[in-house]
Amino acid sequence: MCSRGDAQRSGRVAGRSAERGAPRPGRSAMSRSKVAIVLCLDVGFTMSSSAPDEESSLEQAKKVMTKFVQRQVFAESKDEVAVVLFGTDGTRNDLASRDQYQNISVHRSLMLPDFDLLEDIQDVIKPGSEQADFLDAIIVCMDLLQKQTVGKKYEKRHIELFTDLGSTVSEDQLEIIIANLKKTGISLQFFLPFPVDVDDEGGDTSASVHSHIHRNPFPRKGLTEQQKEGIDVVRKLMHALDEEGGLEEIYTFRESLERLSMFKKIERRPMAWPCQLTIGSNLSIRIVAYKSVTEEKVKKVWTTVDAKTLRKDDVQKETVYCLNDDDETEVQKDDTIQGFRYGSDIVPFSKEDEEQMKYKTGAKCFSVLGFSRSSQIQRHCYMGNQVLKVFAAKDDENAAVAFSALVHALDELKVVAVVRYAYDRRSNPQIGAAFPYIKDAYECLIYVQLPYMEDLRQYIFSSLKNNKKCIPTADQLSAVDSLIDSMNLVYEADDGETFEDLFKPSKIPNPHFQRLYQCLQHKAFHPNEPLPPIEEHLLKMLEMPSVVKERCQGPLEKIKALFPLKEVVKKKDKKTAQDIFKDSSEDGPNPKKPRIEDEEGSFSIMKLAEGNVTSVGSVNPAEDFRILVRQKNADFKDVSQQLIKHIDQFLENKGSQYYMKGINCIRVFREEAVKLSKVQCFNDFLQALKSKVEDKALADFWEIMMQDRISLITKDEAKESSVTSEEAEKFLAPKEKKNEILPPTDEGGDVDDLLDMM
């Protein structure tokens with residue numbers, strides 16, 4: 001056991017160190033980028049004692065330290081870490097004298113964390129047989145930080161103390177320690193095997209939203225009188241350092257393991273991108289941009305080494321080029337050239353050609369092309385792998401005034417700037433939108449890349465509005481509303497004012513990175529063992545929060561009842577020889593087979609025997625039409641009349657199977673008319689078809705046309721057309737129906753049944 005000794009002497013040591021290492025006023029926060037951390041571990045005999053089948057406090061503390069150092073190593077952090085042990089059998093520190101600061105050892109000085117430190121924590125650090133005052137250990141840590149950070153730039157200096165508070169503690173220097181911690185700006189955290197309120201009875205039970213959702217998993221155990229006294233000292237110390245949030249810096253071992261179970265992300269320094277924001281040729285504003293959001297990728301540090309020596313130099317790669325002939329004749333690299341596959345041909349394209357082809361941007365730029373309403377920039381058009389925050393250049397008052405005026409004008413008018421962005425002269429230019437973003441602390445522009453024409457994917461789907469079976473009932477709508485409410489990811493307390501986000505994607509680390517680091521760390525210490533299983537927290541990371549899962553069970557049962565699922569067994573049609581060799585159109589449709597087969601993909605021996613197509617037949621009129629109009633010297637009008645004749649025949653039969661064959665013909669007719677610039681021919685046909693449909697009361701057929709959005713060819717699709725998009729949309733709408741009884745079709749089912757079957 002060590003004694004504190006002369007109180008005034010201890011005070012002088014701490015005070016002198018504090019004055020020497022105090023941060024200089026005026027130093028900017030941007031110039032300090034790393035943190036000095038001391039891990040102070042209690043290895044006294046009480047830390048190694050434990051009940052049967054329980055892990056000792058020392059082993060738990062070492063696990064927390066291991067997780068912390070692992071995070072620092074894989075994050076490539078520039079923070080420096082030192083280790084101080086107290087309760088050791090020996091003494092090794094600069095403040096030690098005959099009866100002061102005994103059984104306290106500086107195990108490792110400040111330096112970057114590495115795998116050697118991980119090995120020390122796991123294998124070298126052993127339990128001691130002595131005890132030491134944790135306040136003495138804090139003074140040793142402060143002295144170490146002061147001496148080893150002199151002349152260096154650190155953003156923060158920090159002490160993390162791991163103890164079970166089982167040793168005696170003397171409060172005679174507590175006020176001096178508090179004063180010097182405040183003066184030097186050194187922060188302090190405690191890690192204990194139990195929560196500090198474990199012995200509270202009938203105290204303040206008002207819990208925060210966080211504690212209400214995340215219950216404390218620690219059982220209440222009896223504490224010794226020494227531990228209770230230690231808790232009182234810790235409370236006094238942390239309250240004095242921070243009256244409001246001091247106790248929040250006291251963690252339990254288990255809580256820390258849960259928080260540290262995820263590897264820390266790699267720290268990135270913000271890289272400024274200076275440029276000129278130009279509007280026209282006369283207005284230029286100095287700006288600087290930073291990446292706000294960007295995709296993080298695994299650093300490619302994989303290399304090929306010899307399996308036995310594990311040395312990269314023992315492996316040499318050699319690439320040989322050979323002709324694709326029987327002898328595999330070797331070709332020198334100088335005799336090769338890169339080529340671009342264009343159809344079935346390969347176009348030679350040398351490196352010089354590639355350099356000449358590249359777009360020359362001149363220089364980096366951020367040029368405003370114009371302005372647009374913010375509502376015109378659709379959210380689904382945001383693309384690219386980064387988001388930039390653009391600020392006025394630092395220390396340029398004129399730029400700040402002009403930039404602020406631009407941002408506020410955009411915000412007030414609810415418009416965005418459409419800009420041309422090029423990172424440097426070697427980069428291809430982008431088109432993007434710059435949104436105004438105004439906060440209390442700063443204001444900036446948010447730049448997001450927008451797509452070019454080739455980047456857009458246009459898909460047309462049938463409308464659900466005209467399908468009666470797709471219209472939900474009032475009960476179904478109400479059930480879905482209830483489900484959405486129950487799955488709300490914002491927790492609201494009973495007072496209606498306290499909120500907490502239950503699922504924060506910005507706080508969820510990439511599971512791929514976490515698993516990779518877990519496996520790399522395991523292989524570093526256990527190279528011959530198989531990889532461990534995926535940790536449970538990784539599997540649960542992207543699952544629904546338990547609170548939400550419990551809350552939505554009722555609405556889900558209601559959804560299940562209102563939206564029943566029925567298994568549809570698909571029957572396989574058996575093909576007979578008669579089906580293969582017979583033209584099915586001769587005797588009319590088979591009522592037992594209402595399904596329409598894929599005309600292009602179906603196999604038929606009749607097809608093989610047809611030879612060259614000379615006219616539009618009744619078996620596969622759409623494909624015949626497509627083949628004929630693409631032949632040389634083909635008369636499009638004559639071939640289209642043949643196709644129209646078959647379409648009329650299909651409509652006369654008034655069967656759903658014939659309707660679908662007619663729709664397929666019309667669709668192919670439209671496609672070929674656009675490709676071959678025969679727009680007027682198709683539009684005239686479609687207008688005549690609509691008149692026939694109205695005269696012959698074929699409303700069910702026209703409803704299919706409406707659902708498939710088959711209308712007149714517009715001038716947006718072909719320049720030969722004079723029809724606008726509005727006229728084409730209006731053309732599809734049926735005329736107002738009078739109260740009349742429509743004649744029944746040959747088949748009893750309606751169009752909706754046919755669509756479901758398809």
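In this predicted model, a salt bridge joins the side chains of Arg667 and Asp708, with N and O 3.1 Å apart. The two residues connect distant parts of the chain, since Arg667 belongs to helix H21 (residues 656-675) whereas Asp708 sits in the loop between helix H23 (699-707) and helix H24 (725-732), 41 residues apart. Arg667 is partly exposed at 31% relative accessibility, and Asp708 is likewise partly exposed, at 23%.

Another salt bridge, between Lys147 and Asp143 (3.2 Å, N to O), lies within helix H5, where the partners are 4 residues apart, about one turn of the helix. Here Lys147 is partly exposed at 34% relative accessibility, but Asp143, at 6%, counts as buried because it falls under the 20% cut-off. Salt bridges also link Glu623, Arg626, Arg630, Glu671 and Glu672 into a network, and the count of salt bridges comes to 16.

Helix H5 leads on to the interior, for it gives 10 residues, the largest share, to the largest nonpolar core. That core has 44 residues, and those with the most contacts inside it are Val84, Phe134, Leu135, Ile138, Phe190 and Leu237. Among the other elements that give two or more residues to the core are strand E1 (35-42), helix H6 (174-184) and helix H8 (225-241). In H6, the buried residues are Leu174, Ile177, Ile178, Asn180, Leu181 and Thr184, and just after this helix Gly185 takes a positive phi of about 75°.

At the surface, Asp325, Asp326, Asp327 and Glu328 form a negative patch. Glu328 lies in the loop between strand E9 (321-322) and strand E10 (330-331), and is exposed, with a relative accessible area of 55%.

Key
Residues are numbered from 1 along each chain as its sequence is written. This is a predicted model: local features need pLDDT of at least 70, side-chain atom pairs count only at pLDDT 80 or more; totals for chains, interfaces and linings use all residues. Side-chain values use heavy atoms; hydrogens and water are left out. Patches are made of residues with over 30% relative accessible area and no salt bridge: like charges are joined within 9 Å, nonpolar side chains (Val, Leu, Ile, Met, Phe, Trp, Tyr) within 5 Å. Accessible areas come from the Shrake-Rupley method with a 1.4 Å probe; for residues, only the protein chains shown count as cover. A salt bridge is a side-chain nitrogen of Lys or Arg within 4 Å of a carboxyl oxygen of Asp or Glu. Lys and Arg count as positive and Asp and Glu as negative; His and the chain ends are not counted. The place of a charge is taken as NZ of Lys, CZ of Arg, CG of Asp or CD of Glu. Buried means under 20% relative accessible area, exposed over 50%, partly exposed in between (1.4 Å probe, protein chains only). A nonpolar core is a set of buried Ala, Val, Leu, Ile, Met, Phe, Trp, Tyr and Cys residues joined through side-chain atoms within 4.5 Å.
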